[in-house]
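Colleague: I have a few minutes before the group meeting. Could you walk me through the charges and the odd backbone spots in this one?

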Amino acid sequence: MKIQSIEAIPVKLPRERPKSVGTAGSPTGLDDTPGDYKWSAVFPVLYAVNFETALVRVTLDDGRVGWGEAQAPLAPEVACAIVDRLLRPVLLNAGFDGSIENIQTLWGRMYATMRVRGQTGGFMLDAISGVDLALWDLAGKIQNKPVCALIPGSRNLDQVKAYHSGVPGANVAERVRNALTLQAQGFQAFKLFYDCGRDEFLTTVAELRRALGPGVALAVDALWRLTPEDAVEFGLALDRCGALWLEAPLAPEDPLEHKALAGRIRTPLALGESYRTRHELAPFFRSGCMGFVQPDLGRSGLTEGLHIASMAASYRVPVVPHVSIAMGPQIAAAIHLAAAIANCDLLEYNPNVFAVANQHLVEPLGFAQAAYQVPRGPGLGCEVRLPL
């Protein structure tokens, strides 16, 4: 079999901002500047007004189709252009037998196209990841197995426990009420975004801990807002609340600052969504600063995601895949990874994102009792319904 065509499809869907603020992909309020991309009201980064991502469709010469997706919360046209102009020419007519070795070879070919030109991260790897997921989908279809069953040593679980990403509410009391409702639905783990003033946020964490009890896990995503000067005090406050982890505490470039912080607080640090490969993450593993690693399958793909998981296992670091703005292929890939590897017991869940993704699948992904149901069909188990 050979790869006959590769199509990249930018996706921009309108969404209700009030319902999405405070959740994965939209953790903070936005300023009132014009245009589709606006500054966060809390820290210097852009967010999209719309739901944006990039789908990839790979077709073999026997007619089989594989679906993938690049993490592209802003400017999905960029990842699509990379697929169209750089990756498609090197993969068209390449032989494909659905083996893991074949996928790894093609991943290496894609990575090599720009490695000496400084493109070993960012949009380039996002685009590669979209194609990579489509190849894994095809591999499962060729072998007539779900993707999680293709992974060597797979646990091949039927479901994956989820944590709720974000606790909505206009004030502390509303957040507590909403969290209690979610707890009654089965959630035993939550992530809170540091989206307000420090005192208000720490009061929210303390009140949630009091209301939910000591058995519920509370993770905190600092959204890269902390500095080396104030991070220790913030972390010590989380120590007193028994936080599950402190995610993205500092600017992502410096492993030594993260090491210094990790050495002064008990709360484990969680990192990963800012990085695409094991090479980017290696300095953080070597520094010993990571308590959890959070690869995003729309940025690392399954091929590199498995390398990251293997490195994590060697350092005895648990894996908790990051799931942000995503359609079905990204979410399904994260579910399959979590269902396969031994060092993963939790997966991020955002109900608004999940609902949007399911609207555009032939068969929706399953979720019940605070757990993802692992798709059992061949491949990723999610066929995108076009037009969107």
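Modeller: Let me fix the terms beforehand: buried means under 20% relative accessible area, exposed means over 50%, and partly exposed is in between. Please also keep in mind that this is a predicted model.

Colleague: Fine. How many salt bridges does the structure hold?

Modeller: The structure holds 18 salt bridges. One of them joins aspartate 158 and arginine 376, where the closest N and O atoms are 3.8 Å apart. Aspartate 158 lies in the loop between α5 (147-150) and β6 (159-165) while arginine 376 is in the segment after β14 (371-373), so this pair ties together parts that are 218 residues apart in sequence.

Colleague: And why does arginine 376 count as partly exposed?

Modeller: Because its relative accessibility is 40%, a value that falls between the 20% and 50% limits. Its partner, aspartate 158, counts as exposed, with 56% relative accessibility.

Colleague: What about lysine 191, which side chain does it meet in a salt bridge?

Modeller: Lysine 191 meets the side chain of aspartate 221, at 3.8 Å from N to O. That pair links distant parts of the chain, since lysine 191 sits in strand β7 (residues 189-193) and aspartate 221 in strand β8, 30 residues apart.

Colleague: Is lysine 191 buried or exposed?

Modeller: Lysine 191 is buried, at a relative accessible area of 0%, and aspartate 221 counts as buried as well, at 3%. Both residues also belong to a network of salt bridges that links Lys191, Asp221, Glu247 and Glu348.

Colleague: Which side chain does aspartate 199 meet in a salt bridge?

Modeller: Aspartate 199 meets arginine 198, with 3.6 Å from N to O. Aspartate 199 is exposed, having a relative accessible area of 58%, whereas arginine 198 is partly exposed at 28%.

Colleague: Switching topic, which residues gather in a patch of negative charge on the surface?

Modeller: That patch is formed by Glu229, Asp230, Glu253, Asp254 and Glu257. Within this group, aspartate 230 is placed in the loop between β8 (217-221) and α8 (231-241), and it counts as partly exposed with 33% relative accessibility. That value satisfies the patch cut-off, because patches are made of residues with over 30% relative accessible area and no salt bridge.

Colleague: Now the backbone. Where is the cis peptide bond?

Modeller: The cis peptide bond runs from leucine 386 to proline 387, and its omega is near -5 degrees. Proline 387 is found in the segment after β14.

Colleague: And which residues other than glycine have a positive phi?

Modeller: I can point to two residues, among them asparagine 156, whose phi is near 55 degrees. Asparagine 156 lies in the loop between α5 and β6, and it is partly exposed, at 31% relative accessibility. Glutamine 369 also has a positive phi, near 50 degrees; it is found in the loop between β13 (366-368) and β14, and at 66% relative accessibility it counts as exposed.

Colleague: Last one: what does the side chain of serine 99 reach?

Modeller: The side chain of serine 99 reaches the backbone nitrogen of asparagine 102, at 3.0 Å. Serine 99 itself is found in the loop between α2 (76-91) and α3 (100-112), and its 19% relative accessibility makes it count as buried, because the limit for that class is under 20%.

Note on methods
Residues are numbered from 1 along each chain as its sequence is written. This is a predicted model: local features need pLDDT of at least 70, side-chain atom pairs count only at pLDDT 80 or more; totals for chains, interfaces and linings use all residues. Side-chain values use heavy atoms; hydrogens and water are left out. Patches are made of residues with over 30% relative accessible area and no salt bridge: like charges are joined within 9 Å, nonpolar side chains (Val, Leu, Ile, Met, Phe, Trp, Tyr) within 5 Å. Accessible areas come from the Shrake-Rupley method with a 1.4 Å probe; for residues, only the protein chains shown count as cover. A salt bridge is a side-chain nitrogen of Lys or Arg within 4 Å of a carboxyl oxygen of Asp or Glu. Lys and Arg count as positive and Asp and Glu as negative; His and the chain ends are not counted. The place of a charge is taken as NZ of Lys, CZ of Arg, CG of Asp or CD of Glu. Helices (H or I, at least four residues) and strands (E, at least two) are DSSP runs, numbered from the N terminus. Buried means under 20% relative accessible area, exposed over 50%, partly exposed in between (1.4 Å probe, protein chains only). A polar contact is a pair of N or O atoms within 3.5 Å; within protein, one must be able to donate a hydrogen and the other to accept it, and residues adjacent in sequence count only if both atoms are side-chain atoms.
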